[in-house]
Amino acid sequence: MTLPLPIAPCAKRDGLSGLSCERFEYASTMATTLLAPVKTEREILEHSMSEDDPNANVQPRSEAARPRWGPRHRGAQELAELYSPGKRLQEWVCVVVCCTLCICAGLLMAKYLHADASLLLAAIAGVLTADFASGLVHWAADTWGAVDLPIIGKNFLRPFREHHIDPTSITRHDFVETNGDNFAITIPVLARIVWQLLSYDTAQIDDQFHWIAYWYLCCIFVAMTNQIHKWSHTYFGLPAWVVLLQEWHIILPRRHHRIHHVAPHETYFCITTGWLNWPLEKLHFWSTLEIIIEALTGCKPRADDMKWAQKRS
């Protein structure tokens, strides 16, 4: 016998479900809270730049004189001018060294590959680690520090400030400028992997191969994070295979990443696959860290980010 719809009031359901009214209402409330969208469509529309406009991201007429976002924003122009020849050289060196180590490690690992479920788990763990690492670095660079800090300011924090004001600037960067910093991060780990594969005997390599595979996959995804990030801002001319990976959420989807770009950019920091964004948000992971750091240091989250965003004229 089928149950009538709509379902009867809570008091009349207890006999059918074995669930008390209070417990049912609590479960219903929890489900509603968990499934609620992090940002609504209205928030995304009103508080982030439209990136799928082929005509230079046209803004409303009232915004034309003092653009909130885009390449005509004064802050974005100042930040773009801080990109130096020295920074370009560092990026080129890091890309060449990283690619060389990655190819060497891959060739050395090839003879040790074999079908193994634990190897698959190691690979998945490497991807998840890369996603979390991308979120941690992204959150730290977005939230703390300033462009005028020595060494790291212009070289590493500047692109994060520029990106929030002009999100599509990354689509105008070439491969080296897009990926140089991420490739740099992986060099020490890849160098150790190559050293292990060259210096360890076969028994040692077999014993540690799952860890080697874990770190190798982690490095691959860390290195490619900003390229994946660039694709999430590219609405025209993407290869079909990239769009397919986005639609299947194997890499960061475009619509998913738009949530981060809702001002004041305080959520969804993971930009490799984005798999960890929802659980971290529901755990209030980033906001809790910010509360602790602000209480200990007195520093305001995203103060420098807001300063550059306000340079509109």
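The following exercises, with worked solutions, concern a predicted model.

Residues are numbered from 1 along each chain as its sequence is written. In this predicted model, local features need pLDDT of at least 70, side-chain atom pairs count only at pLDDT 80 or more, and totals for chains, interfaces and linings use all residues, while side-chain values use heavy atoms, with hydrogens and water left out.

**Exercise 1.** Determine how many helices and strands the protein has.

*Solution.* Helices (H or I, at least four residues) and strands (E, at least two) are taken as DSSP runs, numbered from the N terminus. The protein has 14 helices and zero strands. One of the helices is H6, which spans residues 117-143 and contains Leu 120.

**Exercise 2.** State what share of the residues is buried, and classify Leu 120.

*Solution.* Buried denotes under 20% relative accessible area, exposed over 50%, and partly exposed in between (1.4 Å probe, protein chains only). Of the 313 residues, 40% count as buried. Leu 120 counts as exposed because its relative accessibility is 55%.

**Exercise 3.** Establish how many disulfides the structure holds, then examine Cys 94 and Cys 218.

*Solution.* A disulfide requires a pair of cysteine sulfur atoms within 2.5 Å. The structure holds zero disulfides. For Cys 94, the nearest cysteine sulfur belongs to Cys 98, 8.5 Å away; Cys 94 counts as buried because its relative accessibility is 11%. For Cys 218, the nearest cysteine sulfur is that of Cys 219, at 5.8 Å; Cys 218 is likewise buried, with a relative accessible area of 6%.
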